[in-house]
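User: Please take a close look at one part of this model, the buried interior, and describe how the residues and strands there are arranged. I should also like the enclosed spaces and any unusual backbone geometry to be covered.

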Amino acid sequence: MTEHHSPALWRDAKAILVESLWWDAARRSMRWTDISTGTLTSGPLDGPADGSADARAQLRPPLASFQPTRDGGFVAAFGDRVVLLDGECRITRTLAEIAHRHGELRLNEGKCDPFGSFVVGSMNLRDESPDGALYRVRPDGRLETLLGGLSVANGFEWSDDGAWFYFTDTPVGCVYRAAYDPDGPLGAPEPCLTGLPSDGLARDTDRGFWSGLYGDGAVVRRTADGTVTHRIELPAPNITSVAFGGDDLGTLFVGSAREQLAEADLVAHPHSGGIFALDGLGVHGYPVHLFG
């Protein structure tokens, strides 16, 4: 197991909850949302760590996740609806509204599948009861429920051919996989990677899975059989989103959160809520999928 990579503080964002990191190759920027404040940020790769060169758009919180569309805009998930944004982050259309089981649920992780639809999950804010679900929103606005019975839907990825979908239920500490049909129901989920509090998930081109560990202050890489090949400690306890970026998609960007940290924790970990960059990993990621 490799542990020698030193994380660099790429952005001292001081976000409450960094999520939905993805690499915007056309602009050589990382993009992310601070869910709790509803802020979308685009950070130039070579911009200063204090974020003074970043571009920000303010929307209504909670802004759980967003991804690029084929026309240069974004598809985004708020607490209970999925919308389209134009390139200036203005809402142009509501695609779907989610009827949650109760008022303590909100949408959370969202990524586009390889076929152009947006898959988004919900999470339980009240406790760890499995009241959350997975949904798929098609470009024409059709809404499908793929799966129920989740506490915190997180960490989405697909196999190279799109035939398998990987997703995390963070409190359960399990990454599942299920057969994926872009025009049909989701297959029965089966445990794939277990035993760690996985949040965000990113696959590399060597078929490894990188997970941010919420509460454990680390990122791990596991192979398909669960073997941990890398564990990298980070100077923040609550690790959230992970995504490959950079011109060769060879840098792993790692988000973190300040939520649920006491004042003493923030003194001990002042860069919580920041984004870290890990270079020299010897692997590369995949480009982001587009909606539409």
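Analyst: In this predicted model, Val-82 is buried, its relative accessible area being 0%. The residue belongs to strand E8. Leaving out residues up to four places away in sequence, Val-82 touches Val-75, Ala-76, Ala-77, Thr-94, Leu-95, Ala-96, Leu-107, Phe-118, Val-120 and Val-137.

Val-82 is also one of the residues with the most contacts inside the largest nonpolar core, together with Val-75 and Phe-118; this core has 16 residues. Two or more residues of this core come from each of strand E7 (74-77), strand E8 (81-85), strand E9 (91-97), E10, strand E11 (118-124) and strand E12 (132-137). Of these elements, E12 gives the most, with three residues.

The surroundings of Val-75 can be described in the same way. Apart from its neighbours within four places in sequence, Val-75 is in contact with Ser-65, Phe-66, Gln-67, Thr-69, Val-82, Val-83, Leu-84, Leu-95, Cys-112, Phe-118 and Phe-291. Val-82 and Phe-118 thus appear among the contacts of Val-75, and Val-75 and Phe-118 among those of Val-82.

From Val-82 one may turn to Glu-109: the two residues are separated by 27 residues in sequence and by 12 Å in space, C-alpha to C-alpha. Glu-109 is one of the residues that line the largest cavity, and it also belongs to the lining of the second largest cavity. A search of the whole structure finds two cavities of 30 Å³ or more.

The largest cavity has a volume of about 80 Å³. Its lining is formed by Glu-19, Ser-20, Leu-21, Gln-67, Glu-109, Gly-110, Lys-111, Gly-200, Leu-201, Ser-241 and Val-242. At least two of these residues are supplied by each of strand E2 (18-24), strand E10 (105-112), strand E18 (198-203) and strand E22 (239-245). By character, the lining of the largest cavity comprises three nonpolar, five polar and three charged residues.

The second largest cavity holds about 30 Å³ of space. Around this second cavity lie Glu-19, Ser-20, Ala-64, Ser-65, Asn-108, Glu-109, Gly-110 and Asn-154. E2 and E10 each contribute at least two residues to its lining, and E10 gives the most, with three. One nonpolar, five polar and two charged residues make up the lining of the second largest cavity. Glu-19, Ser-20, Glu-109 and Gly-110 occur in the lining of the largest cavity and again in that of the second largest.

Two polar residues in strands add further detail on the interior. Ser-122 lies in strand E11 and is buried, with a relative accessible area of 1%. A polar atom of the Ser-122 side chain lies 2.8 Å from the backbone nitrogen of Ala-133. Beyond four places in sequence, the contacts of Ser-122 are His-100, Arg-106, Leu-107, Asn-108, Gly-132, Ala-133, Tyr-135, Ser-151, Val-152 and Ala-153. Among these contacts is Asn-108, which helps to line the second largest cavity.

Asp-24 is placed in strand E2. Its relative accessibility is 6%, so Asp-24 counts as buried. The side chain of Asp-24 makes a polar contact of 2.8 Å with the side chain of Arg-31. When residues up to four places away in sequence are not counted, Asp-24 touches Ser-29 and Arg-31.

The backbone geometry of certain loops also deserves mention. Most residues other than glycine have a negative phi, and most peptide bonds are trans. Pro-61 and Pro-62 are nevertheless joined by a cis peptide bond, with omega at about -5°. Pro-62 is situated in the loop between strand E5 (55-58) and strand E6 (65-68).

Lys-14, although not a glycine, has a positive phi of about 50°. This lysine lies in the loop between strand E1 (8-11) and E2, and Lys-14 is partly exposed, with a relative accessible area of 48%. Leu-249 likewise is not a glycine and has a positive phi, here of about 55°. Leu-249 is found in the loop between E22 and strand E23 (251-256). At 13% relative accessibility, this leucine counts as buried.

How values were computed: Residues are numbered from 1 along each chain as its sequence is written. This is a predicted model: local features need pLDDT of at least 70, side-chain atom pairs count only at pLDDT 80 or more; totals for chains, interfaces and linings use all residues. Side-chain values use heavy atoms; hydrogens and water are left out. On a 1 Å grid over the protein atoms alone, a cavity is a set of points where a 1.4 Å probe fits but cannot get out, and a pocket is an open set with protein on both sides within 12 Å along at least five of seven lines; lining residues have an atom within 4 Å of a point. Grid points are joined across faces, edges and corners, and a volume is the space filled by probe spheres set on the points. Helices (H or I, at least four residues) and strands (E, at least two) are DSSP runs, numbered from the N terminus. Ala, Val, Leu, Ile, Met, Phe, Trp, Tyr, Cys and Pro count as nonpolar, Asp, Glu, Lys and Arg as charged, and the others, Gly among them, as polar. A nonpolar core is a set of buried Ala, Val, Leu, Ile, Met, Phe, Trp, Tyr and Cys residues joined through side-chain atoms within 4.5 Å. Buried means under 20% relative accessible area, exposed over 50%, partly exposed in between (1.4 Å probe, protein chains only). Contact means heavy atoms within 4.5 Å. A polar contact is a pair of N or O atoms within 3.5 Å; within protein, one must be able to donate a hydrogen and the other to accept it, and residues adjacent in sequence count only if both atoms are side-chain atoms.
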